[in-house]
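The following account leads the reader through the strand and helix arrangement of a single structure. Please keep the sequence and the model in view while reading.

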Amino acid sequence: MRVSDTGERHGGNLTAAAARLGQPPGRLLDASASLVPFGPPWALRRALLGASLGSAVRVYPDRGWQRLRGQLAALHGLEPADVLPGNGAAELFTWAGRDAAAAGLSLVPQPGFADYSRALACWGGRWQGLPLPLTWPEAFPQPFPALPDSPSPASEAQVLWICNPHNPTGQLWSRHSLEPLLERHRLVVCDEAFLPLVPGGEAQSLLPLLQRHPNLVVVRSLTKLLACAGLRIGYALGSPERLRRWAAWRDPWPVNGLALAAVEQLLADPSALAGWTLRVQGWLAREQPWLRRQLGRWGQFTAMPSAANFLLLRGSGPLVELRQAMERRHGILLRDCRSFEGLGASWLRLGLQDRRGHRRLLAALAQELPPTD
Ligand SMILES: Cc1ncc(COP(=O)(O)O)c(C=O)c1O
């Protein structure tokens, strides 16, 4: 795995960037992470305030997560025992990694989110990259690329890691194309962290297949949807037996009391979450095609088709200097893609902003790189 000159395998390093640039974090436009720019919802902020004034900070959080489990299960039409809350999706990948390492060789699509290999490395898990084609059509959902058929280690991998929609490409895989893969692998880990943001995305979720496939585990995050990356809250959905095992491995209080109390309060009104989700999907449906059209003025790069709240830019040449200039001269952070296997210096990832943020970004781009239209 190659790492960028800044050594970063994730976007969203706002504090480090602010220190590097000598600017307050509030002055920067962070398009290197993919968070909803107008969140978190006020209902969550109010819930946090209420939780901090109540007992959530003073007492140990519920180790059984009874209330939150019940709420999340109701949200997805499952049983509380099918749900395990975690300290963000990332913490849950650690335990998925332990199961995967024990099951055998993992197949990990590349370019892909770096945390799966981090989780596997914790347990000495073996993995092999599944190279994804670097061109893809406009329409979504798309079929998941065919797995190797000829006898090879990859064709016999016991574990498959899926990210839907895929980070960093933004491709939304069809459930129809993923379902047969559940017969092929001993364990399938499906990361649906960004799925609730995608209009119509839930129709491709693997959650309806959980009951019939105990070898499937779906990991979700509230970080993206609610723009609460600092709060750290996600959850896994899978067989009760698997989740009991994971719960026994982890430290006793992986979900902090503030996150637990605030999210419980938010979910007490499911219509508020549904309303927020619609608002987020409306923003994505409006801003993403608009920004992509605007970016079409530059012949020096192509904004690749995406179903998600981030766009991958493919340059006709290296984009490293452009990224650095955007950061140094305009305080705009873009994701360097050199740490993604299969991508290189000519790729950047850009997290969607609000219209104002997009105008700031486009104006800065125009200063650094004259549009070719
Ligand atoms: C595809 C994907 N899954 C999961 C995560 C992590 O989610 P969380 O903040 O809930 O740990 C990220 C963070 O960037 C991500 O890109």
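In this predicted model, seven strands form an open sheet with mixed pairing, in the order β2-β8-β7-β6-β5-β3-β4. Its edge strands are β2 and β4 (127-131), each of which pairs on one side only. From one strand to the next, the twist averages 25°.

The edge strand β2 (residues 83-86) runs antiparallel to strand β8 (residues 234-237), and four bridges join the two. Within this pairing, Leu84 has Ala236 in β8 as its bridge partner. In a regular strand, side chains alternate between the two faces of the sheet. Both faces of β2 are covered: Val83 and Pro85 are buried on one side, and Leu84 and Gly86 are buried on the other.

Elsewhere in the sheet, strand β6 (residues 187-191) and strand β7 (residues 216-221) run parallel and are joined by four bridges. Here Cys190 has Val218 in β7 as its bridge partner.

Helices lie across these strands. Helix α5 (residues 115-122) lies across β3 (106-110), β4, β5 (159-163) and β6, and runs at about 150° to β5. Helix α3, in turn, lies across β2, β7 and β8, running at about 120° to β2.

Helix α3 (residues 66-76) also packs with helix α9 (residues 257-267), at an angle of about 40° and with the axes 10 Å apart. Because of that angle, α3 is oblique to α9. Their crossing is left-handed. Arg67, Leu68, Gln71 and Leu72 in α3 meet Leu260, Val263, Glu264 and Leu267 in α9. By class, this contact of α3 with α9 comprises five nonpolar, one polar and two charged residues.

Technical notes: Residues are numbered from 1 along each chain as its sequence is written. This is a predicted model: local features need pLDDT of at least 70, side-chain atom pairs count only at pLDDT 80 or more; totals for chains, interfaces and linings use all residues. Side-chain values use heavy atoms; hydrogens and water are left out. Axes are lines fitted to C-alpha atoms, for helices over the stretch in contact, and angles run from 0 to 180 degrees between N-to-C directions. Angles under 35 degrees count as roughly parallel, over 145 as roughly antiparallel, 65 to 115 as roughly perpendicular and the rest as oblique. A crossing is left-handed if the near helix is turned anticlockwise from the far one by less than a right angle, and right-handed if clockwise. Contact means heavy atoms within 4.5 Å. Ala, Val, Leu, Ile, Met, Phe, Trp, Tyr, Cys and Pro count as nonpolar, Asp, Glu, Lys and Arg as charged, and the others, Gly among them, as polar. Buried means under 20% relative accessible area, exposed over 50%, partly exposed in between (1.4 Å probe, protein chains only). Two strands pair if DSSP finds at least two bridges between them.
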